Amino acid sequence: MASMVDPTDSSSKTKVSDLMKDGEDGTSQSQKYFLDYFQENAAKITYTVKEPKIENDQASVTVDFKYVNGEPLLKAVLQDVFTEAYTSATTGSEIKDEEIEQMLMSAMQKYKATIQESYVEKSVNVQLIKVNRHWYISQPSDELLDVFLSNFISVTKELNKNINSSSDGAGQETNSFMEQAKKENLAIIPKAVGDEIILTSIKLRVNHVEEKQTISSKYSYDKTAKEGAKFVIINADVTNITNKAFTFPPDLIVVDNKNREFKTYADSTNTIDNYLDYRELSPGITENGNWVYELPADAESYKLYVKKSGTKELYEILLK
């Protein structure tokens with residue numbers, strides 16, 4: 001790839017070379033493992049090159065790509081590893097580089113076997129430059145590199161943004177979900193387990209809810225709720241009612257009887273089968289799965305909230 005980049009632009013060539021290090025020196029087995037994954041996906045890329053616009057020694061051309069969307073898998077892998085690393089840090093345990101390497105490879109193996117492969121289509125404008133009578137890519141964009149790295153650039157950008165915003169916002173007061181709903185004057189629409197809810201892009205129905213102290217999956221170890229806590233498992237059917245596939249984000253809020261708010265359990269993709277977090281939803285096909293929340297043991301009742309995009313409607317599903 002570096003050989004296709006403007007040879008007079010050393011920074012761009014270095015950028016591509018650094019991304020594509022193959023780990024042949026043996027210093028990073030996980031890097032080699034990721035590269036194998038990207039190479040495997042790159043073989044599946046299809047594309048159409050449109051008519052170029054040429055002006056002297058510069059040109060631009062639009063390319064329509066269809067390529068493997070690695071975002072659900074890569075997010076799940078990085079979430080697993082960061083959760084493990086954070087847990088070790090909070091308990092004072094030192095985690096070695098070799099252990100992180102093994103965690104990365106194990107998570108990759110697990111999620112490659114469990115997350116269904118999906119594709120994304122994207123049009124990219126590629127800038128070109130002529131050097132010594134040959135055309136080269138000029139300053140390859142992150143958008144173009146995403147095609148060959150299965151959206152890895154976008155995933156790491158989002159991760160860094162979240163880390164930085166969490167750091168910058170430490171100690172600052174922000175509105176809770178319900179405070180924001182009140183501020184926006186949202187109309188709460190009560191619903192119950194078993195009711196069908198039609199949103200802007202999905203159709204949703206909660207089938208049943210159960211509480212457990214321990215959850216497990218066939219690909220991982222048992223996970224026990226923290227002391228004074230319990231797991232709440234929500235089983236639901238979700239149907240994409242749009243014309244395009246998209247990844248369903250795990251951003252639904254649960255609020256208990258003490259007005260405490262909870263997001264989906266961070267490690268649910270690692271410890272329960274058939275999870276809905278980051279599920280790829282194809283148009284018109286109903287997907288069944290689970291969300292996991294970790295709540296205090298003294299939460300006597302709780303509700304799931306979901307906002308209908310583009311409206312003032314906020315659906316309140318009584319879970320218990």
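## A loop residue to start with

N56 sits in the loop that connects strand 2 (53-55) with strand 3; here helices (H or I, at least four residues) and strands (E, at least two) are DSSP runs, numbered from the N terminus. This is a predicted model with residues numbered from 1 along each chain as its sequence is written, and side-chain values use heavy atoms, leaving out hydrogens and water. Local features need pLDDT of at least 70 and side-chain atom pairs count only at pLDDT 80 or more, while totals for chains, interfaces and linings use all residues.

The backbone of N56 is worth a look: its phi is near 60°, a positive value in a residue other than glycine. N56 counts as exposed because its relative accessibility is 67% (buried means under 20% relative accessible area, exposed over 50%, partly exposed in between, with a 1.4 Å probe and protein chains only). Just before it in sequence comes E55, in strand 2. E55 is exposed too, with a relative accessible area of 60%. The C-alpha atoms of E55 and I129 lie 9.8 Å apart, although 74 residues separate the two in sequence.

## The chain and its confidence

Across the chain there are eight helices and 18 strands. Of its 320 residues, 40% are buried. Taking the contacts (heavy atoms within 4.5 Å) with a separation of 6 or more, 69% join residues 24 or more positions apart.

The chain has a mean pLDDT (the predictor's confidence in each residue, from 0 to 100) of 84, with 86% of its residues at 70 or more. Among the elements, strand 1 (residues 46-49) has the highest mean, 96, and helix 8 (residues 268-271) the lowest, 61. Residues 167-173 have a pLDDT below 50, and this stretch makes zero contacts in the model beyond near neighbours in sequence.

## Two nonpolar cores

The largest nonpolar core has 31 residues, and those touching the most other members are F34, L73, L74, V77, Y111, F231 and V292. A core here is a set of buried Ala, Val, Leu, Ile, Met, Phe, Trp, Tyr and Cys residues joined through side-chain atoms within 4.5 Å. Helix 2 (29-42), helix 3 (71-90), helix 4 (97-114), helix 6 (152-168) and strand 11 (229-240) each give two or more residues to this core. Helix 3 makes the largest contribution, with six residues. Another core, apart from this one, has 25 residues, including I197, L199, Y302 and Y315.

## Around I317 and G194

I317 belongs to strand 18 (residues 313-318). I317 is buried, since its relative accessible area is 2%. Setting aside neighbours within four places in sequence, its contacts are K191, A192, V193, I197, L204, V206, Y302, K303 and L304. Between the C-alpha atoms of I317 and D195 there are 8.6 Å, with their positions 122 residues apart along the chain.

G194 is in the loop between strand 6 (187-192) and strand 7 (196-198). With a relative accessible area of 41%, G194 is partly exposed. G194 touches R205 and V206, residues up to four places away not being counted. L204 is 10 residues from G194 in sequence and 9.6 Å from it in space, C-alpha to C-alpha.

## The second largest pocket

What kinds of residues make up the lining of the second largest pocket? The lining divides into 21 nonpolar residues, with no polar and no charged ones (Ala, Val, Leu, Ile, Met, Phe, Trp, Tyr, Cys and Pro count as nonpolar, Asp, Glu, Lys and Arg as charged, and the others, Gly among them, as polar). M4, V126, I137, L144 and F148 are the lining residues nearest the pocket's centre. At least two lining residues come from each of strand 1, strand 3 (58-68), strand 4 (119-131), strand 5 (134-137) and helix 5 (142-148). On a 1 Å grid over the protein atoms alone, a pocket is an open set of points where a 1.4 Å probe fits, with protein on both sides within 12 Å along at least five of seven lines, and lining residues have an atom within 4 Å of a point.

## Two more exposed loop residues

Q139 is located in the loop between strand 5 and helix 5. Q139 is exposed, with 59% relative accessible area. Its phi is near 45°, again a positive value in a residue other than glycine.

K244 is in the loop between strand 11 and strand 12 (246-248). At 66% relative accessibility, K244 is exposed. Leaving out residues up to four places away in sequence, K244 touches L281 and P283. K244 and L281 are 37 residues apart along the chain, and their C-alpha atoms are separated by 8.6 Å.
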